[in-house]
Amino acid sequence: MANSSATRPFRVAIVGSGPAGVYAADILTKSQEVAGGDVQVSIDLFESQPAPYGLIRYGVAPDHPRIKGIVNALHKVLDRGDIRFFGNVTYGRDITLADLRSHYDAVIFATGATKDAVLDIPGIELDGSYGGADFVSWYDGHPDVSREWPLNAKEIAVIGNGNVALDVARVLSKHAEDMLVTEIPDNVYAGLKASPVTDVHVFGRRGPAQVKFTPLELRELSHSRDVDIVLYEEDFDFDDASDAAIRSNNQVKTMVNTLTNWLAEEHDGTRTPASRRLHLHFLHTPVEITGENGSVTGIKFERNELDGTGNARGTGEFIDYPVQAVYRAVGYLGSELPEVDFDSRRGVIPNDGGRVLGADGTHVPGLYATGWIKRGPVGLIGHTKGDALETIGCLLEDRLALPVAERPDESEIVELLESRGVEFTTWEGWNKLDAHEKLLGENWTGQPGLDVVRERIKVVDREQMVNISKK
Ligand SMILES: Cc1cc2nc3c(=O)[nH]c(=O)nc-3n(C[C@H](O)[C@H](O)[C@H](O)COP(=O)(O)OP(=O)(O)OC[C@H]3O[C@@H](n4cnc5c(N)ncnc54)[C@H](O)[C@@H]3O)c2cc1C
């Protein structure tokens, strides 16, 4: 049935309040003005956590306040009052596709990615072998992970050569006191404080010109107090493809310069050794995590060489490193959503420019995707804006031909959630929790001898978050 939103607002549900969901809501709201006022929209944003902002709150490292500050822009969007927020509501558990279809003319999935991609090597199941995403969730105070994290290793391997590997390695190697200015919850500070770590080794498969870091994040490694960066001359191999990349790509050039400067500084003999070290190794492919009595005791790598095209090939030489913990940071993966087709290899909802595709490859009318669940877990927060623009463009193009919601009244979805006993949080509730967390930071009495100002301390427990939101 063709949509007749001329007599009522066009109703849209967005599932997921990370940057992709909020940008989509913002762009869609503004499209009313773009279309000369003829598109009246009414948007509801559903989020499984009691708090908004997705991976900005639960992924971006706590010692990245500038990036965390992007929430201020997202806050402004949601604070305008024209987009309703329903937190603590999980699609697939509290609301179904049929519910959304009957209450909305269109549904946009913006559910992102929260899981670790698989690394299938022997020993990955040993105690002491962890997913980077789980560790990130722990230090960022995600309500669904355990409060305890076993930080008892002195030597740690981090597998991966992207920014998440850098985050994990930086947080593992930093002194806990230097994390106190951030919003980390008390249990995270206590865990980091007790860590006996001395050496964190980051391993990448290819060479210094093939890393997936970004220059700023790489340079930041050298800002950690009392942590030396250690590099290895034999890893500085540049093939023709590396030389071409250094010439043609400024980011690559900057990062290779940073790394080679560090290598040179390391050998100038003027520095006082730090108590912790962060080693960057290249040209290493992990082949096995080794263990005793079910726990990690080491990791074996095959040494690689570059093949001329910038790819790595094994040399047949194997190296063992004694470590007591291994963190894999080999990428994130989106999770399957009930009643929507899923590409489990890529971890995305199959789509064409944001139009969700069914098993037969055709667009499922009224369903859209945006952000990491649309494109896969790569790219920065800014990239999700482009995703949202494309998806909303498709939605507006399709608008008049979409199936019409049977229960478009804004009050009906609230009644449905209430009738099911879903303890949803609202935008007003988030503002209360936000203020509460800031007050916890303000009232922090400190540690003897430490003069630290804390802007916020996160509340971690879901029930507590909901209770504070509902006060
Ligand atoms: C560890 C890490 C560090 C990063 N650091 C940076 C950085 O420093 N700078 C930068 O620019 N980018 C960074 N990024 C990338 C950035 O976080 C992503 O680009 C961005 O968050 C993707 O946005 P999204 O909205 O698609 O997904 P997400 O941010 O994952 O948001 C998805 C939202 O959907 C919700 N959701 C999921 N399933 C359901 C469901 N069934 N029902 C209801 N809600 C659901 C989730 O709770 C979440 O709130 C980092 C990413 C990671 C993983």
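Glu-415 sits in helix 14, which spans residues 410–419, and the model in which it is seen here is a predicted one. Because its relative accessibility is 47%, Glu-415 counts as partly exposed. Together with Asp-409, Glu-410 and Glu-418, Glu-415 forms a negative surface patch.

The aromatic side chains offer a second view of the structure. Rings whose centres lie within 6.5 Å are taken as pairs, and by this rule the count comes to 20 aromatic pairs. Two of these pairs are set out in the table.

| Aromatic pair | Centre to centre | Angle between the planes | Arrangement |
|---|---|---|---|
| Phe-85 and Trp-427 | 6.4 Å | 80° | edge-to-face |
| Tyr-130 and Trp-149 | 5.1 Å | 50° | tilted |

In the edge-to-face pair, Phe-85 belongs to strand 3 (residues 83–86) and Trp-427 to helix 15 (residues 427–442), so that this contact ties together parts that are 342 residues apart in sequence. Phe-85 and Trp-427 are both buried.

In the tilted pair, Tyr-130 lies in strand 6 (residues 129–131), while Trp-149 lies in the loop between helix 6 (132–139) and strand 7 (155–159), so the parts tied together by this pair are 19 residues apart in sequence. Tyr-130 and Trp-149 are likewise both buried, each having under 20% relative accessible area. Tyr-130 and Trp-149 also belong to a cluster linked by ring pairs, whose other members are Phe-135, Trp-138, Tyr-139 and Tyr-327.

Notes
Residues numbered from 1 in each chain as written. Predicted model: local features only at pLDDT ≥ 70, side-chain atom pairs only at ≥ 80, totals over all residues. Heavy atoms only, no water. Patch = residues over 30% accessible without salt bridge, like charges linked within 9 Å, V, L, I, M, F, W, Y side chains within 5 Å. Areas by Shrake-Rupley, 256 points an atom, 1.4 Å probe, with all protein chains shown as cover. Salt bridge = Lys/Arg side-chain N within 4 Å of Asp/Glu carboxyl O. Lys, Arg positive; Asp, Glu negative; His and termini not counted. Charge placed at Lys NZ, Arg CZ, Asp CG, Glu CD. Helix = DSSP H or I, 4+ residues; strand = E, 2+ residues; numbered from the N terminus. Buried < 20%, exposed > 50% of the residue type's maximum accessible area, 1.4 Å probe, protein only. Phe/Tyr/Trp six-rings, centres within 6.5 Å; stacked < 30°, edge-to-face > 60°.
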